[in-house]
Amino acid sequence: MSKNKALTSRSDDFSAWYNEVIARAELADHSPVRGCMVIRPNGYAIWEHMQQDLDRMFKDTGHENAYFPLFIPQSFLAKEAEHVEGFAPETAVVTHGGGKELEEPLVVRPTSETIIYAMFSKWIQSWRDLPVLMNQWANVVRWELRTRLFLRTTEFLWQEGHTAHATEAEAEEEALRMMGVYRTFMEESIAMPVITGLKSDSERFAGAVRTYAAEALMQDNKSLQAGTSHNLGQNFAKAFDTTFQTEAGGLDHVWSTSWGVSTRLIGGLIMTHSDDNGLVCPPRLARYQVVIVPIYRTDEQRAGVVEAAERIQLELRAAGIRVHLDTRDDMKPGAKYYEWEGRGTPFRIELGPRDLEAGTVVIAKRTGGKEPVPMEGLAANVNERLESLQRELFEAAHARREANSLRGATREQLREFIAGDGGFVYAGWCGSEQCEADIKADTKATIRVLPDEEFRSAEAPGTCVWCGKPSVAEAVWAKAY
RNA sequence: CGGGACGUGGCGCAGUCCGGUAGCGCACUGCAAUGGGGUUGCAGGGGUCGCGGGUUCAAAUCCCGCCGUCCCGACCA
């Protein structure tokens, strides 16, 4: 229902603003269990649209869906040394079932590599069985110390892709391909620009050989890790003895990958686009792309206006537009405007007696501006506007990111930039964990990625921004979520 | 898990210092008018004051413990 209080502004308190946007748009709420969230219909609709877009892209690249169990024998987690070290501290463990203590405790999956490779080893015998390209949509649990709605919750929804290949090159290709899929999805569906690249060893997934990531800059100039794709080498195959007979007749361990994105993306969407009036949702993912608000005084007017609104609703639906007609009689139009604005609905169509007479409707854009447009050809008009808003949101976010990026920084500039407004700092890195740790201790910024070629600076840095020794790669530093 | 703040009808808050039996705004219900950017008026309903224990004739208020939320750290999708 409509609230009477303005949101805290982004500049006053970004965290408070973030929480208030979620509350006003009715995206999620806290559950009675610490750190867990209830995803409400307005939030879940966004997730469903994300799922639809991603699922289609996964299938278009040859993947198939399956489902693996929630419970994993505790011993499985321990089979891969780095993996258990990384995840054991944050697992929830079931020790009792049916009133009895279990012989072996069950871990509630924090991620499913272990159970999946255990199964893969049963299913894969020959090079002819490869590649295996699998995905699952699931919930996972990680006992995080500090939680925030969507960004870090104890339980969250995600997809995890798991693939097995005959060669190292194929696995590497797959890991990069899926990073590309994520990037396309983030740019085109979420309208959220990302920088893709390789993670440093300290940020690598526990058990991976290489981790690729997509990083997005939020409106508070902190970076959000939006998705990761891992080349797991033969690490899990060796731990779970996932072997196959090669074409030449030998025996080899499979080469595998895993990749995932989560409901965290909804947090990224919020912090990329929303404003001090509430949620701004990109049209591609919006529950309703258009809301029609009829305006009338008398019963006669109401009948005419609602009839016209219903006709428009059908016309837009037929054109594939997700549209809602708000016929609530107990709310004035202005109150409805505020409510739908807070919910992030991209466009509002106002339709009153004056419009009927003129053969027009008024179209108001969530990000500002409204104008009368003819009823003739409305669906095409609206579809154009939806596409153009989708582009505008991406371009605005992209421009904001570039305006808050610093290239070729010196040590002092890095410090000042991060201590000031913040953003992405591009600079040389010597490759040592010591410099990485020192920079973190000094500035709180971490290496987000060693960016892919297209994101790198025109002039490659020659020296490490911190120690001055020769640089092995350009790195992007930022404070992160 | 360390530091800080907070927890009072659905939401936002006052009352807590100085103990005396709970109040305001919004929301909600009813009626009437109103209706192109948060509509008025009148009349209503709703609260074990986060939970548990203690002190007291008496606890939202004082004391102890716990739980939760938010912020800042350390850890992380």
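At what angle do helix α1 and helix α8 pack, and how far apart are their axes? This is a good place to begin a walk through the structure, which is a predicted model. Two packed helices are described by the angle between their axes and by the distance between those axes. Here, α1 spans residues 14-24 and α8 spans residues 264-273; they pack at about 115°, with 11 Å between their axes. Angles of 65 to 115 degrees count as roughly perpendicular, and α1 and α8 are therefore described as roughly perpendicular to each other. Their crossing is right-handed.

To find the place where they touch, look on α1 for F14, W17, Y18, V21 and I22, and on α8 for G267, I270 and M271. Sorted by class, this contact holds seven nonpolar residues and one polar residue, with no charged residues.

A second pair of helices is worth a visit. Helix α2 (residues 41-60) and helix α6 (residues 168-188) cross at roughly 145°, and their axes come within 11 Å. This crossing is right-handed. From α2, the residues in contact are M50, D53, L54, M57 and F58, while α6 brings M178, V181, Y182, T184 and F185. By class, the contact of α2 with α6 has eight nonpolar residues, one polar and one charged.

Now turn to RNA strand B. There are 44 residues around this strand, and those that come nearest are R146, R152, T153, R348 and D355. On the RNA side, sugar and phosphate make up 44% of the strand B atoms that come within 4 Å of the protein. The surface near the strand has 20 charged residues, along with 13 nonpolar and eleven polar ones.

Which elements build this surface? Helix α1, met at the start, is among those that supply at least two residues each, as are α10 (333-342), β17 (347-351) and α11 (353-358). The largest share, six residues, comes from α10.

Finally, zoom in on some individual side chains, each of which places a polar atom by a particular part of RNA strand B. For H30, that atom lies 3.4 Å from a phosphate oxygen of the strand. For R264, the partner is a sugar or linking oxygen of RNA strand B, at 2.7 Å. D355, one of the residues that come nearest to the strand, has a polar side-chain atom 2.4 Å from a base nitrogen of RNA strand B.

Definitions and conventions
Residues are numbered from 1 along each chain as its sequence is written. Chains are lettered from A and ligands numbered from 1 in the order in which they are written. This is a predicted model: local features need pLDDT of at least 70, side-chain atom pairs count only at pLDDT 80 or more; totals for chains, interfaces and linings use all residues. Side-chain values use heavy atoms; hydrogens and water are left out. Axes are lines fitted to C-alpha atoms, for helices over the stretch in contact, and angles run from 0 to 180 degrees between N-to-C directions. Helices (H or I, at least four residues) and strands (E, at least two) are DSSP runs, numbered from the N terminus. Angles under 35 degrees count as roughly parallel, over 145 as roughly antiparallel, 65 to 115 as roughly perpendicular and the rest as oblique. A crossing is left-handed if the near helix is turned anticlockwise from the far one by less than a right angle, and right-handed if clockwise. Contact means heavy atoms within 4.5 Å. Ala, Val, Leu, Ile, Met, Phe, Trp, Tyr, Cys and Pro count as nonpolar, Asp, Glu, Lys and Arg as charged, and the others, Gly among them, as polar. A residue is near a molecule or strand if one of its heavy atoms lies within 4 Å of it. A polar contact is a pair of N or O atoms within 3.5 Å; within protein, one must be able to donate a hydrogen and the other to accept it, and residues adjacent in sequence count only if both atoms are side-chain atoms.
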